[in-house]
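I opened this notebook to record what I looked up in a structure that is new to me. My two topics were the charged side-chain pairs and one helix with its surroundings.

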Amino acid sequence: MKRKLVFATNNNHKLEEVREVVGNSFEILSLKDIGCFEDIEETGETLEENALIKVRHVKEKYGYDCFGDDTGLEVDALGGAPGVYSARYAGEGHDAKANMKKLLAALDGVADRKAHFRSVIALIMEGKEYLFEGRIDGDILTEEHGSAGFGYDPVFRPDGYTRTFAELGMEVKNDISHRALAVKKLCDFLREK
């Protein structure tokens, strides 16, 4: 029987991405699968704090071993912004198009467009907390390219590639992305357990 783990998310894109990376090793349950419909407020000032807030909430309220992530796009020329505010950079509406538009406007005329995506996964298992990080470097283009993916994918081109995450497609992205790298670290850890 596969081991069950809750992924503290209601984001179907993230859920699909993680299930793809994990494969058949574990049964990954969503918040919806365990009947958790409340909005877990991310009040942390770092990706690590937000990831821990989510998993602690699920463990305390529902009793499940759980992992959760927080991900941010960190742009060098913007001092690491939007960072922890990536999903709500243009406001609380979590509007990916508005976020990209604001980012491109902030970088208008800026030569240094280096950036990286960083994902931090927090895991609570058997009463202990663990953190895993994945990071991928790249740069921000001046306009959107591609239609696959989500969030900032159409404007982020990873180092070593000529296309954006949105052009590379899920199969390639799931192999090289920040979240994939963090999930692989999580899976390696779980296999050792």
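**Entry 1: salt bridges.** I searched the whole structure, which is a predicted model, and found 17 salt bridges. I then examined several of them one by one.

I looked up Glu-126 and found its side chain in a salt bridge with that of Arg-3, at 3.4 Å from N to O. Glu-126 sits in the loop between strand S4 (114-125) and strand S5 (128-140), while Arg-3 belongs to strand S1, so this pair ties together parts that are 123 residues apart in sequence. I noted that Glu-126 counts as exposed, at 53% relative accessibility. Arg-3, at 32%, counts as partly exposed.

I next turned to Glu-38, which forms a salt bridge with Lys-61; their closest N and O atoms are 3.2 Å apart. Because Glu-38 lies in the loop between S2 and H2 and Lys-61 in helix H2, the pair ties together parts that are 23 residues apart in sequence. Glu-38 is partly exposed, with a relative accessible area of 23%. For Lys-61 I recorded 52%, which makes this residue exposed.

**Entry 2: a buried pair.** I asked whether Arg-118 and Glu-74 are buried or exposed. Both Arg-118 and Glu-74 are buried. Their side chains meet in a salt bridge of 3.3 Å, N to O. The pair links distant parts of the chain, with Arg-118 in strand S4 and Glu-74 in strand S3, 44 residues apart. I followed the shared partners and found that salt bridges join Glu-48, Glu-74, Arg-118 and Glu-133 into one network.

**Entry 3: helix H1.** I listed the buried residues of helix H1 (residues 12-22): Lys-14, Leu-15, Glu-17, Val-18 and Val-22. They cover an arc of only 165° around the axis, which means that they lie on the same side of H1. On the other side of H1 I found Asn-12, Glu-16 and Glu-20 exposed.

I then asked which elements the buried residues of H1 pack against. The strands are S1 (3-7), S2 (26-29) and S3 (66-75), and the helices are H2 (47-62), H4 (165-176) and H5 (178-192).

Finally, I checked both ends of H1. At the N-terminal end, Asn-11 acts as a cap: one of its side-chain oxygens lies 3.0 Å from the backbone nitrogen of Lys-14. After H1 comes Gly-23, and I noted that its phi is positive, near 70°.

Technical notes:
Residues numbered from 1 in each chain as written. Predicted model: local features only at pLDDT ≥ 70, side-chain atom pairs only at ≥ 80, totals over all residues. Heavy atoms only, no water. Buried < 20%, exposed > 50% of the residue type's maximum accessible area, 1.4 Å probe, protein only. Helix = DSSP H or I, 4+ residues; strand = E, 2+ residues; numbered from the N terminus. Arc of directions from axis to C-beta. Contact = heavy atoms within 4.5 Å. Polar contact = N/O pair within 3.5 Å; in protein donor to acceptor, adjacent residues only side chain to side chain. Salt bridge = Lys/Arg side-chain N within 4 Å of Asp/Glu carboxyl O.
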